[in-house]
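Trainee: Please pick one part of this model and take me through it closely. I would like the residues, the distances and the cut-offs behind each term.

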Amino acid sequence: MTLIFAHRGFSSIEPENTMSAFQEAEKCGADGIELDVQLTKDGEVVVIHDEKVDRTTNGKGYVKDYTLSELQQLNAHYIFKKQNEKVRIPTLKEVFDWLAGNHLICNVEIKSHEFQQFHLEEKVIAFIRRYGFEKRVILSSFNHYSIVHCYRLAPDVETALLYSYGIYLPWVYAKGLHARAIHPHYQTLTEEIVQMSRQNGIKVRPYTVNREKDMKRLFAMGCDAIITDEPKKALRLRQSDGQSFSS
Ligand code: G3P
Ligand code: CA
């Protein structure tokens, strides 16, 4: 069966990367959530996508220039909430506290930048250890140096390579980096890539799949999971497909 991961939570109905988006994903029956992490000025791991707070909050500037308490003064309402309704940027710790009460898989995307010198990776792995989430968290990144570093720190935690363009024999590349999965942009995927990757023990979880016709195609190809802003739609389609494919 193809699993369904809610991209930045159920981000088509709630502000992305917020507790309400994650809770809605759980409520609708998603198998997992995807979220993005970065470091604050004072070294806290926070859940936010962009390097800057401008798009998703009422603030301006780089996440790395805010302390946690300054960041949490901002309103992460994005486009979904009324201006006077306060939505906080969550910490990874808050999300993990909540995950401890359910069985969702959590795909943590590491938004790492060179100036961080891998501090983010070390802190995320320390949280995984503290909560015993080694088998529930998948670490992914477009920064493949970061992925190798995660593997060196925690070979027991699954890593996944994010990419947005056509890589030659991606399953070979993934194995070379000790990654256990590829998370490609869905338009780069072919039947051969899915089959060869899976035959070589590499899981395939394309992003960000929101249209019905793409969901159907990727279910039929036998992807291990899809990452989507529309988990409810994906669940409905998966059920109506009567999928028997097992991952
Ligand atoms: O993890 C899949 C997807 O989230 C990667 O792209 O830009 O939405 O973080 P982005
Ligand atoms: Ca992401």
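Mentor: The account starts at the metal site, moves to the elements around it, and ends with a few separate points.

This is a predicted model, in which local features need pLDDT of at least 70 and side-chain atom pairs count only at pLDDT 80 or more, while totals for chains, interfaces and linings use all residues. Residues are numbered from 1 along each chain as its sequence is written, chains are lettered from A and ligands numbered from 1 in the order in which they are written, and side-chain values use heavy atoms, leaving out hydrogens and water.

The calcium ion (ligand 2) is held by Glu34 (OE), Asp36 (OD) and Glu109 (OE), at 2.1 to 2.3 Å. Donors here are N, O and S atoms within 2.8 Å of the metal, or 3.2 Å for Na, K and Ca; water is not among the atoms, so sites may look incomplete. Along the chain the donors of this ion are spaced as E-x1-D-x72-E. Glu34 is buried because its relative accessibility is 3%, and Asp36 is buried at 0%. Buried means under 20% relative accessible area, exposed over 50%, and partly exposed in between, with a 1.4 Å probe and protein chains only.

Next comes Val37, in strand β2 (residues 32-39). Strands (E, at least two residues) and helices (H or I, at least four) are DSSP runs, numbered from the N terminus. Val37 has a relative accessible area of 0%, so it is buried. What does Val37 touch, not counting residues up to four places away in sequence? The list is Val45, Val46, Val47, Ile48, Leu92, Val108, Glu109, Ile110, Lys111, Leu120 and Val124; contact means heavy atoms within 4.5 Å. One of these contacts, Glu109, is also a calcium donor. The C-alpha atoms of Val37 and Pro90 are 9.9 Å apart, although 53 residues separate the two in sequence.

Thr91 sits in the loop between α2 (68-71) and α3. Its relative accessible area is 12%, so Thr91 is buried. The C-alpha atoms of Thr91 and Gln38 are separated by 9.5 Å, with their places 53 residues apart along the chain. Outside its neighbours within four places in sequence, Thr91 contacts Val45, Val46, Val47, Leu68 and Gln72.

Helix α3 (residues 92-99) packs against helix α4 (residues 119-131) at about 25°, with the axes 11 Å apart. That makes α3 roughly parallel to α4. Axes are lines fitted to C-alpha atoms, for helices over the stretch in contact, and angles run from 0 to 180 degrees between N-to-C directions. Angles under 35 degrees count as roughly parallel, over 145 as roughly antiparallel, 65 to 115 as roughly perpendicular, and the rest as oblique. The α3 and α4 crossing is right-handed, meaning that the near helix is turned clockwise from the far one by less than a right angle; anticlockwise would be left-handed. Leu92, Lys93, Phe96 and Asp97 of α3 meet Val124, Phe127, Ile128, Arg130 and Tyr131 of α4. Leu92 and Val124 are also among the contacts of Val37.

Helix α1 (residues 19-28) packs on α3 as well, at about 25° with axes 11 Å apart. α1 and α3 are therefore roughly parallel, and their crossing is right-handed. Here Met19, Phe22, Gln23 and Glu26 of α1 meet Glu94, Val95 and Trp98 of α3.

In the loop between β1 (3-7) and α1 lies Asn17. Its phi is near 55°, a positive value in a residue other than glycine. Most residues other than glycine have a negative phi. Asn17 is buried, because its relative accessibility is 2%.

Last, the cysteines. The structure holds zero disulfides, a disulfide being a pair of cysteine sulfur atoms within 2.5 Å. The sulfur of Cys150 is too far for a bond because the closest cysteine sulfur, in Cys106, is 13 Å away. For Cys223 the nearest cysteine sulfur, that of Cys28, is 19 Å away. Cys150 is buried at 0% relative accessible area, and Cys223 is buried at 0% relative accessibility.
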